[in-house]
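Visitor: I have a structure to look at and would like to learn how to read its sheets and its chain contact. Could you walk me through it?

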Amino acid sequence: MKELRLMKGNEAISEAAIRAGCDGYFGYPITPQSEIMEYLMLEKPEERTGMIVLQAESELASINMVYGGAACGKRVMTSSSSPGISLMQEGISYMAGAELPSLVVNVVRGGPGLGTIQPSQSDYFQATKGGGHGDYHIITLAPSSVQEMADFVGLAFDLAFKYRNPAMILSDGAIGQMMEKVEFDEHRPRFTNEEIRKNTPWATTGKTPDRERNIITSLDLDPARQELHNIKLQAKYRKIEQNEVRFEKIVCDDAEYVFVAYGTSARICQKAIQLAREKGIKVGLFRPITLYPFPKNEINELSKKVKGMLSVEMSAGQMIEDVLLAAERNIKIEHFGKMGGIIPSPAEVVEALEQKIIGG
Amino acid sequence: MTEEIIIAGFGGQGVLSMGKILAYSGIMQDQEVSWMPSYGPEMRGGTANVTVILSDDKVSSPILTEFDSAVVLNQQSMDKFESAVKSGGYLLYDPNGISQPSERKDINIYKVEGAKIASAMGNAKIFNMVVLGAYLKMKPLVKLDNVIKGLKKSLPGRYHNLIPLNEKAIIKGMDNLIEVQKL
């Protein structure tokens, strides 16, 4: 039986984490995502499932607690908003290097710096290109509804463990703060220590006589071995790119133009589609759900069928670089967006389509 | 049916919880809903507003710049949202604290003495339920029994003894809606 609730996106993440068999949450408060830890503290998951919730002393401590939990094969997570996620980049890079599965939730606010507490999508580059140092990627899921905030928690954990790689839910202040209907799955029990030993034989669960010591590290001073490790990581990323692309197409069948947008912008674009179609403009929406791996092939296919694409983002234009790389270049492709915590209105999006793509 | 609503006033007037109860009532009536609050600096000691959408279809954008109906509970909100009501739309306000009501000729305008009624009932906190009652009389989007069900869902169990008072306040609001301008 599914259970129906009215909840904030942030709260949905927390409830979904408890139900996804998460073993531990470690975080530090920051607007606009503080409800994630608040909900967990109120809900006392240690009584429901045994899940640990801890407010760490800083973002650095949080991400390194995640590193430690993940090294033991546990399903662990943290959450923060943009400035806090920047502080975590070292730990995320180390986890990518040490191939540790984990979930990091970024409820993005406007930047740079401390910026603003209002919603933004200006952390796209950081999330999809590897925000820390070194050649790495993290699997990046972009929810555009409260329901997806809930659904992507279990999915992110599954993908993280499937590939031994950190995964991120890249949301924003609007989806974090708004309430919508959400349906929850049944509880998935947390893995027992026995199951963890079986599922994650690489984890540091205590050495047994039948195997060698497990070592979790991102350090290897031998360049030849470090190169081999990097080659292995790159092969893994190619596999992720082949297998894990997710996207949604809305009224693209008869479309002459498409918006490319994720998260909150994708919701704005759905309203913009209604307004534009009332005016007789045939426009659809292509919504990447995985930002890494980016749906390159699908964008390329679509670009052969339409006259133009407008990448709508709450940023100066970041995803548009991936759209341009993926699409056929003989069509018109432009960016429209707002910065600093401003959300574009559906009417502004239609106007941008008319001026930059149709009239441009 | 899709109704896009803005509710705006001072922080502490119960603007966000009124929106939440409206959203819950929509769910009880099998509607799709969204509730998008202002959470920025303006709510820290200033104005608070929330966009509520009730719809038979999936809600597209939860963030809007024009609305089918508006509930404004202070002058700043009147100044900000009066022009955001779609032509032919509905505006409800409480004259207490609003010195300059709307002069628009292309919208339906109603008022309710929410603050006065609530204090006459002996509990200023039920102000927002009086206003909600008036709103539902003006725009009968959800049935009263679904609103009561929504209240039950929205309020923590320890406050359920207050539901009869809230229901009374809603009915009082319904009975005291005043038509200012009808198209």
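Guide: Gladly. Let us begin with one term: two strands count as paired if DSSP finds at least two bridges between them. Keep in mind that this is a predicted model. Now take strand β1 (residues 2–10) of chain B and strand β4 (residues 67–72) of chain B: four bridges join them, and they run parallel. Within that pairing, Ala8(B) has Val72(B) as its bridge partner in β4(B).

Visitor: What holds paired strands together in general, and in which order do the nine strands of the open sheet lie?

Guide: Strands of a sheet pair through backbone hydrogen bonds, either parallel or antiparallel. Here the open sheet of nine strands reads β1(A)-β8(A)-β2(B)-β3(B)-β1(B)-β4(B)-β5(B)-β6(B)-β7(B), with mixed pairing. Its edge strands, each pairing on one side only, are β1 (3–8) of chain A and β7 (178–181) of chain B. On average, neighbouring strands of this sheet are turned by 25° against each other, direction ignored.

Visitor: Which strands does helix α1 of chain B touch as it packs on the sheet?

Guide: Helix α1 (residues 15–28) of chain B touches β1 and β8 (179–184) of chain A, and also β1, β2 (32–37), β3 (47–55) and β4 of chain B. The direction of this helix makes about 10° with that of β3(B).

Visitor: In which sense do β8(A) and β2(B) pair?

Guide: β8(A) and β2(B) pair in the antiparallel sense, over two bridges. Look for Glu180(A), which stands opposite Ser34(B) in β2(B).

Visitor: How is the size of an interface usually given, and how much do chain A and chain B bury between them?

Guide: Interface size is often given as the accessible area lost when the parts come together. For this pair, chain A and chain B bury about 2,000 Å² between them, with 65% of it on carbon and sulfur atoms. Leu6(A), Met179(A) and Lys181(A) supply 31% of the area that chain A buries against chain B, more than any other three residues. The contact takes 24 residues from chain A and 25 residues from chain B.

Visitor: How many salt bridges are there between chain A and chain B?

Guide: There are two salt bridges between chain A and chain B. In one of them the side chains of Glu32(B) and Lys181(A) meet, at 3.6 Å, N to O. Six residue pairs are in polar contact between the two chains, both residues being at pLDDT 80 or more.

Visitor: Which elements give two or more residues to the side of chain A that touches chain B?

Guide: They are β1, α9 (173–177), β8 and α12 (263–278) of chain A. The largest share, six residues, comes from α12(A). By type, the residues on that side of chain A divide into 11 nonpolar, eight polar and five charged.

Visitor: What about the open sheet of five strands?

Guide: That sheet lies in chain A, has the order β9-β11-β10-β13-β14, and shows mixed pairing. β9 (247–250) and β14 (332–337) of chain A are its edge strands. Neighbouring strands here are turned by 20° against each other on average, direction ignored. β9(A) and strand β11 (residues 283–288) of chain A pair in the antiparallel sense over four bridges, and Ile250(A) has Leu285(A) as its bridge partner in β11(A). Helix α14 (residues 319–326) of chain A packs on this sheet, and its direction makes about 155° with that of β13(A).

Terms used. Residues numbered from 1 in each chain as written. Chains lettered and ligands numbered in written order. Predicted model: local features only at pLDDT ≥ 70, side-chain atom pairs only at ≥ 80, totals over all residues. Heavy atoms only, no water. Axes fitted to C-alpha atoms, helices over the stretch in contact; angles between N-to-C directions. Contact = heavy atoms within 4.5 Å. Buried area = accessible area lost by both parts, 1.4 Å probe. Salt bridge = Lys/Arg side-chain N within 4 Å of Asp/Glu carboxyl O. Polar contact = N/O pair within 3.5 Å; in protein donor to acceptor, adjacent residues only side chain to side chain. Nonpolar A, V, L, I, M, F, W, Y, C, P; charged D, E, K, R; others polar.
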